[in-house]
Amino acid sequence: MVAEIDHLDRKGNGQAAIWRENELGNKRKLKLVVPQTLPGETVQVTVEDPTLRWSKVMPEEILVANPDRIEAPCPHFELCGGCVWQHWSYDGQLKHKTDHVKKALESVGMNPELVQDTIGMDEHWHYRNKMEFTFSPEGNLGLHEQGNFRNIIPLETCLIAGRNMVDATMEVSEWVKEFGLPGYNKDTREGLLRHLMVRESFETGEIMLALFATEAPAGKLAAAAENLIERITKNYPNVKSLMWLVNTDLADRTQSEETFVLAGRDFIYDEMAGYRYRLWFDTFFQTNPVQAQKLVELALEMGKPQEDEKMIDLFCGVGTFSLPFAARVKELAGIEIVETSIESAKRNAVDNDLHNTTFLARDARKGIDEIHESWGLADMLLIDPPRSGAGGKVMRRIGRAQPKRIVYVSCNPDTFATDSAELLQFGYTLQSVQPVDLFPHTVHVELVALLTLDEN
């Protein structure tokens, strides 16, 4: 069967539609999801059950290739779900991401011409400063197979993780094999090792290795733990945090019921835009520090903070944007519902000698009301919500508060467009949108946008 790829879905897979005729002569549309294909390509596929309304199939042959198709450099690409666009030239990826942002604005009736070309990276490999790897029941360390969450692809390399992170990860993998330690089986809920989280600061060089297991490093595991400490401290002096975290919860996520610091401390130091941050294993921090720095610079350039102004940083996290803005305004209030992030933000402000900040662990709307009651209306607001967006209620609360300028930092162009459209009824105008590529070779794109309150 020949299929023509006309667009990509939100996961980056090619999609095609074929009309099929049954025995009665009736036509029905068959929608195909074809991974590892690009827009405009013609591919040969086989559909096992033509009676289906949709089917996911792999391309057997590329009959007509997209001119931006390239050879994927990673040996894991065809199976690994870590990055889906290694077969697309980087310029092609950037153009698609720009188009994605434009279409998001068009969908809500806003002007797509406000969108600038996506800012890419000069070096778009080895850009991530954090990775979470998973152990298979056999003890192999790797990433989940694309479309098959149960299967783990054994790790040989990772082209998007920092090089030092990959080296330290492979050391842990060899240690597991030497001691014959079993991985965790999600079906039987048996086994020892679940995940390995690796963090690295590209500025300070400090590395964190956090091993998540179902048992403490004691008893029969004590000798193995001692060996891990010895080989890591000897071979990787930049590892300033080596931890063993116990997690027996059924949920398949990196969390800790009990933490054992095997070597160093339970956090590492990182720096961005000249400010220092403490990062624990569960701290949210931008995973591409080079492009995150550009986000901060763009936010400052668009927002133009003034020393006599008060501002709110909504969904402030650990203060990634709060600190550089606080150094430029009279007062800054950060609002974030995650209490551990707020505690980190407070520590980070003190570490950087900033004393004009207030941080609240509150729901967004309640936090805005509380700040306004305590020190009046804000002149400016920065918002950096999760992928799901801020939502209509929060955006309408912001609109009623009437800050003069709103800087919106988004990791989801679709929710950004929906949120921004809510502000138009309150007299705001979208001035500019600058996409930034924080995740090369994936579908994701970030952006920084400015909305201003009409003066009349």
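This text walks through two sheets and two helices of a predicted model.

The smaller set of strands comes early in the chain order. Four strands, in the order β2-β3-β4-β6, make an open sheet with mixed pairing. Strands β2 (7–8) and β6 (54–56) are its edges, and each of them pairs on one side only. Inside this sheet, strand β3 (residues 14–21) and strand β4 (residues 27–34) run antiparallel and are joined by eight bridges. To find one point where they face each other, look at Ala16, which stands opposite Leu32 in β4.

A second open sheet has seven strands, in the order β10-β9-β8-β11-β12-β13-β14, and here too the pairing is mixed. Its edge strands are β10 (148–154) and β14 (258–264), each with a partner on one side only. From one strand to the next, the twist averages 30°. Strand β8 (residues 130–135) pairs with strand β9 (residues 141–145) in the antiparallel sense, over two bridges. In this pair, Thr134 stands opposite Gly142 in β9.

Helices α2 and α3 both pack on this sheet. Helix α2 touches β8, β9, β11 (193–200), β12 (207–213) and β13 (239–246), and its direction makes about 155° with that of β11. Helix α3 touches β12, β13 and β14, and its direction makes about 160° with that of β13.

The two helices also pack on each other. Two packed helices are described by the angle between their axes and the distance between the axes. For α2 (residues 163–179) and α3 (residues 222–235), the angle is about 150° and the axes are 11 Å apart. An angle over 145 degrees counts as roughly antiparallel, and α2 and α3 are therefore roughly antiparallel to each other. Their crossing is right-handed.

Which residues of α2 and α3 make the contact? From α2 come Glu171, Val172, Glu174, Trp175, Glu178 and Phe179. From α3 come Ala223, Ala224, Ala225, Asn227, Leu228, Arg231, Ile232 and Asn235. Sorted by class, the contact has eight nonpolar, two polar and four charged residues.

Two of the α2 residues in this contact, Trp175 and Phe179, also belong together in another way. They lie four residues apart in helix α2, about one turn of the helix. The rings of Trp175 and Phe179 form a tilted aromatic pair, with 6.3 Å from centre to centre and 50° between the planes. A search of the whole structure finds eight aromatic pairs, and the pair of Trp175 and Phe179 is one of them.

Methods
Residues are numbered from 1 along each chain as its sequence is written. This is a predicted model: local features need pLDDT of at least 70, side-chain atom pairs count only at pLDDT 80 or more; totals for chains, interfaces and linings use all residues. Side-chain values use heavy atoms; hydrogens and water are left out. Axes are lines fitted to C-alpha atoms, for helices over the stretch in contact, and angles run from 0 to 180 degrees between N-to-C directions. Angles under 35 degrees count as roughly parallel, over 145 as roughly antiparallel, 65 to 115 as roughly perpendicular and the rest as oblique. A crossing is left-handed if the near helix is turned anticlockwise from the far one by less than a right angle, and right-handed if clockwise. Contact means heavy atoms within 4.5 Å. Ala, Val, Leu, Ile, Met, Phe, Trp, Tyr, Cys and Pro count as nonpolar, Asp, Glu, Lys and Arg as charged, and the others, Gly among them, as polar. Two strands pair if DSSP finds at least two bridges between them. Rings of Phe, Tyr and Trp (its six-membered ring) pair if their centres lie within 6.5 Å; planes under 30 degrees apart count as stacked, over 60 as edge-to-face and the rest as tilted.
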